[in-house]
Amino acid sequence: MGIIGASGYGGGELIRLLKAHPGVELVGFSSRKHEGKPLSAAWPQLWDEGRFGTLEEVLEQAEVIFLALPNGLAMELAPKALEEGKRVIDLSGDFRLPPEVYESWYGIPHKSPELYREAVYGLPELHRGELGGARLVANPGCYVTATTLALAPLAAEGALRGAFAVGLSGVSGAGREGEGTFFAEVNENLKPYKVGGVHRHIPEMERNLGRLLAQGRPVRTHGPIGEVRLSFVPHLVPMTRGILVTVEAGVEGNWDQKALDELYRDFYAQEPFVRITDALPETKGTYASNRVDVKPLYEARTGRVMVFAALDNLVKGMAGQAVQNLNLMLGLPEETALPKEGLWP
């Protein structure tokens, strides 16, 4: 395996997880910022004495390549890697949306629009059947994973009629060079951002839920899509890791707590990394794990349906999900090298 763009937080988590993978040999790492330096220059927690090499070295040696790059760069490198017979898992947003949708939300011209039709959306709980033969996987991020899995059973049931989601994220979700993430600005502070329907993960969430609404389960990346409208308000929280999403779902039909519990437990009964909880989820419970904790709740006084979901944004929300996709792509046991238990306290 090779990792390109490894100096971000996602790259460090990938290295940590893949070093414990019995079916993986890490043969190369590339980072423009740290080229020629030891891995510890970017990641002092790593024992490995390897060094960052060149892009060309990674492309030559690796059979599977993880692209942990800022948006807009993977679309330039993926074609070259695929032409050389490599398989690619992209952690950016470059292949998650149709090119015209991507361009309107990300403000970046898409340089490899033809590859979108080949890309498989990498949310295993919904797209497991497509991942085995995939050459290019678009690995979804943390907010999208938590929100989609919170609402997926309702959408697949045909009951979802829209939703209002509030997301709270630890600072590592902004990356190492995220604006407004200095300690003096985030400490003892809580702030919303990108409100008013402008967050670029909104169309991805709506497409995921629309696929379920139109196709049921399992879903196909390029299959029919129904219409779902979702309002999303993200917040930055003064903690290192974690995502907590609270969703108020607009639903059709008569619901109560027993019916919700049965729907969610049946939907996720065979999923190794989704746990339906009795208690309300909390971020600390999923810290450093590849698990998502989900709790549906029927509010009897108002008749509203609410769903809560928590995950570690750097594991199930990024690097762990990429390893889960790798396992499925290569026909390996899906749970290999992925922890279900977190760190507590």
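Lys-80 is a good place to start: at 38% relative accessibility, this residue counts as partly exposed. Its side chain meets that of Glu-84 in a salt bridge, with 3.2 Å from N to O. Keep in mind as you look around that this is a predicted model. The structure holds 19 salt bridges, and the points below visit a few of them before turning to a charged patch and a helix.

**Salt bridges in pairs**

- Glu-84, the partner of Lys-80, is partly exposed too, at 39% relative accessibility. Both residues count as partly exposed because their values lie between the 20% limit for buried and the 50% limit for exposed.
- Glu-335 and Lys-340 also join their side chains in a salt bridge, here with 3.4 Å from N to O. Glu-335 is partly exposed, with a relative accessible area of 41%, and Lys-340 is partly exposed at 31%.
- Glu-227 and Arg-229 form another such pair, with 3.8 Å from N to O. Are these two partners buried or exposed? Glu-227 is exposed, with a relative accessible area of 61%, and Arg-229 counts as exposed at 53%.

**A salt-bridge network**

- Salt bridges can also link up into a group: Glu-13, Arg-16, Arg-241 and Asp-312 are connected in a network of them. Try finding these four residues in the structure above.

**A negative patch on the surface**

- Which residues form a negative surface patch? They are Glu-35, Glu-56, Glu-57 and Glu-60.
- Glu-56 sits in helix α2, which covers residues 55-61.
- With a relative accessible area of 51%, Glu-56 is exposed. That value passes the 30% needed for a patch, so Glu-56 can be a member.

**A helix with two sides**

- Helix α9 spans residues 257-267, and the buried residues in this helix include Leu-260, Leu-263, Tyr-264 and Phe-267.
- Why do these four belong to the same side of α9? They cover an arc of only 90 degrees around the axis, which puts them together on that side.
- The other side of α9 carries Lys-258 and Asp-266, which are exposed.
- To see this for yourself, look along the axis of α9: the buried group, with Leu-260 among them, lies on one side, while Lys-258 and Asp-266 are on the other.

How values were computed. Residues numbered from 1 in each chain as written. Predicted model: local features only at pLDDT ≥ 70, side-chain atom pairs only at ≥ 80, totals over all residues. Heavy atoms only, no water. Patch = residues over 30% accessible without salt bridge, like charges linked within 9 Å, V, L, I, M, F, W, Y side chains within 5 Å. Areas by Shrake-Rupley, 256 points an atom, 1.4 Å probe, with all protein chains shown as cover. Salt bridge = Lys/Arg side-chain N within 4 Å of Asp/Glu carboxyl O. Lys, Arg positive; Asp, Glu negative; His and termini not counted. Charge placed at Lys NZ, Arg CZ, Asp CG, Glu CD. Helix = DSSP H or I, 4+ residues; strand = E, 2+ residues; numbered from the N terminus. Buried < 20%, exposed > 50% of the residue type's maximum accessible area, 1.4 Å probe, protein only. Arc of directions from axis to C-beta.
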